[in-house]
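Welcome! Here are some exercises to work through with the structure beside you. Try each task yourself before you read its solution.

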Amino acid sequence: MTGRPRPAVAVLPGYVPGRSAAAAAAEHGVQDAIKMASNELPFGPLPSVAGAISGGIEHLSLYPDHRATALREALAEAVGADTDQVAIGAGSAGLLQQLHLSYVGPGDHVAMCWPSFEAYPLFAALVEAEQVRVPLVDETFDLPALAAAITPRTRIAFVTNPNNPTGTVVPTATIREFLAAVPSTCIVVLDEAYHEFVTDPGVTDSIPLLADHANLVITRTFSKAHGLAGMRIGYAIGHPEVIGMIDRTLVPFAVNELAQRAALASLAAADEMRERVGSVVAERERVTGRLREQGWSIPDPQGNFVWLPVGADAADLGRDLERRGVVTRAFADVGIRVTIATPTWNDRFIHALADARPPS
Ligand SMILES: Cc1ncc(COP(=O)(O)O)c(C=O)c1O
């Protein structure tokens, strides 16, 4: 073997992204495959955001602001926090990796409910930590059980709200109870990648929780509701001391100039962003209604995706949908996650599903 990779890395499977429409089309010989596998927004950037991106091109010979100062200030104002409570990263995934690099070492524990975001175990494995996985109950995070699994060695506990892939939420009151039960030696990462899509009234603004819990870090992203997944930019909100620790592990200039400009412009167009989110939520409700009419039992979706808990049929159903030109995300032996897209694409999915698994 060339070089000597760290044993933990040598066995790391690496992140597996959602399959492209082109790959599925080539495999199954379909003409017009569509990708509903990565929870992306089905719209291009807003016009003002596109303008900010093209206007930034002339600055590309210079390094960006490593601290993304203007964006930190704008985000702090938008969420009602102080500037030193905000960190910017290369996607919220970048910030999650930074949290592991800053807080977790070999033999430490990282606790999560499962299934959840597939990158968490990879970050834990990277720093040679032990993963503690607590099963979901009714497709939902079981916070009392997660709290019970936390030990003096637990450095990070994830609360994913809404959860990916199941789309379920836990009420803010339950998160508050959980935080009260977690020792300050454990960072609680409240992953809110999809929070803009939540309509459940039991979920309220999580920022006020920070006042009582210095070990809480809320992570959010411009990839989902803002439709900027290709820009790779996310943010974390937490106690200034924790934010300082996260900042120490940011790769120099990892958040590029165009991403910073796009994020600032998208924040300034928050009303338009919310309008788009509203149309996705309306489609989510329509798709959910149609699926339930077809006899599917699915948990209440609160992100920009729906979850079919089909268990052992997941891989086969994913393949059968792909043969019909609809690329979804299959989680082996658990279920299928399908992104809410345009009405036309959503209808294609509904028809492909009815064709692949006719209602009985
Ligand atoms: C729950 C959750 N957290 C974090 C992320 C990472 O998103 P990004 O790195 O694009 O901000 C994702 C992406 O799908 C996700 O589903």
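Is E118 buried, partly exposed or exposed?

**Exercise 1. Classify a residue, then find its partner.**

Task: Decide how open E118 is, and then describe its salt bridge with R329.

Solution. Keep in mind that this is a predicted model.

Step 1. Buried means under 20% relative accessible area and exposed means over 50%, with partly exposed in between. E118 has 31% relative accessibility, so it counts as partly exposed.

Step 2. Now look at the partner. R329 has 9% relative accessibility, so it counts as buried.

Step 3. Check the distance. The closest N and O atoms of R329 and E118 are 2.6 Å apart, and a salt bridge needs such a pair within 4 Å.

Step 4. Place both residues along the chain. R329 belongs to strand β11 (residues 329-331), while E118 is in the loop between β3 (109-114) and α6 (119-126), so this bridge ties together parts that are 211 residues apart in sequence.

**Exercise 2. Compare two more salt bridges.**

Task: The whole structure holds 23 salt bridges. Work out which parts are tied together by the pair D320 and R357, and by the pair R324 and D355.

Solution.

Step 1. Begin with D320 and R357, whose closest N and O atoms are 2.8 Å apart. D320 is in helix α12 (residues 314-323) and R357 is in the segment after α13 (343-356), so the pair ties together parts that are 37 residues apart in sequence.

Step 2. Classify both ends. D320, at 16% relative accessibility, counts as buried, whereas R357, at 22%, counts as partly exposed.

Step 3. Turn to R324 and D355, where the closest N and O atoms are 2.8 Å apart. R324 sits in the loop between α12 and β10 (326-327) and D355 sits in helix α13, so this pair ties together parts that are 31 residues apart in sequence.

Step 4. Classify R324. At 31% relative accessibility, R324 counts as partly exposed.

Step 5. Salt bridges can also link up: E283, R286, R290 and D347 are joined in a network of them.

**Exercise 3. Explore the surroundings of the ligand.**

Task: Find out where the ligand sits and which residues come nearest to it.

Solution.

Step 1. Locate the site. The ligand sits in the largest pocket.

Step 2. List the neighbours. There are 13 residues around the ligand, and those that come nearest are S92, D191, T221, S223 and R232. Helix α5 (residues 91-103) gives the most to this shell, with three residues.

Step 3. Look for polar atoms by the ligand's oxygen atoms. A polar side-chain atom of N164 lies 2.7 Å from a ligand oxygen. For T221, a polar side-chain atom is 2.5 Å from an oxygen atom of the ligand. In S223, a side-chain N or O atom is 2.6 Å from a ligand oxygen.

Step 4. Finish with the ligand's surface. Taken alone, the ligand exposes 390 Å², and the protein buries 92% of that.

**Exercise 4. Contrast two helix residues.**

Task: Decide whether D247 is buried or exposed, and do likewise for A78.

Solution.

Step 1. D247 is found in helix α9 (residues 240-247). Its relative accessible area is 15%, so D247 is buried. The side chain of D247 also makes a polar contact of 3.3 Å with that of R67.

Step 2. A78 belongs to helix α4 (residues 69-79). With 54% relative accessibility, A78 counts as exposed.

**Exercise 5. Read the backbone angles.**

Task: Find where the chain has cis peptide bonds before P115 and P165, and then look at phi of E139 and D333.

Solution.

Step 1. The bond from W114 to P115 is cis, with omega near 5°. P115 is in the loop between β3 and α6.

Step 2. N164 and P165 are joined by a cis bond too, with omega about 20°. You have met N164 already, beside a ligand oxygen.

Step 3. E139 has a positive phi, near 65°, and is not a glycine. E139 lies in the loop between β4 (130-135) and α7 (143-148).

Step 4. D333 also has phi near 65°, a positive value in a residue other than glycine. D333 is in the loop between β11 and β12 (335-339), and its relative accessible area of 59% makes D333 exposed.

Key. Residues numbered from 1 in each chain as written. Predicted model: local features only at pLDDT ≥ 70, side-chain atom pairs only at ≥ 80, totals over all residues. Heavy atoms only, no water. Salt bridge = Lys/Arg side-chain N within 4 Å of Asp/Glu carboxyl O. Helix = DSSP H or I, 4+ residues; strand = E, 2+ residues; numbered from the N terminus. Buried < 20%, exposed > 50% of the residue type's maximum accessible area, 1.4 Å probe, protein only. Near = heavy atom within 4 Å. Polar contact = N/O pair within 3.5 Å; in protein donor to acceptor, adjacent residues only side chain to side chain. Areas by Shrake-Rupley, 256 points an atom, 1.4 Å probe, with all protein chains shown as cover. 1 Å grid on protein atoms, 1.4 Å probe; cavity = no way out; pocket = protein on both sides within 12 Å on 5 of 7 lines; lining within 4 Å. Sits in = over half its atoms within 2 Å of the grid points.
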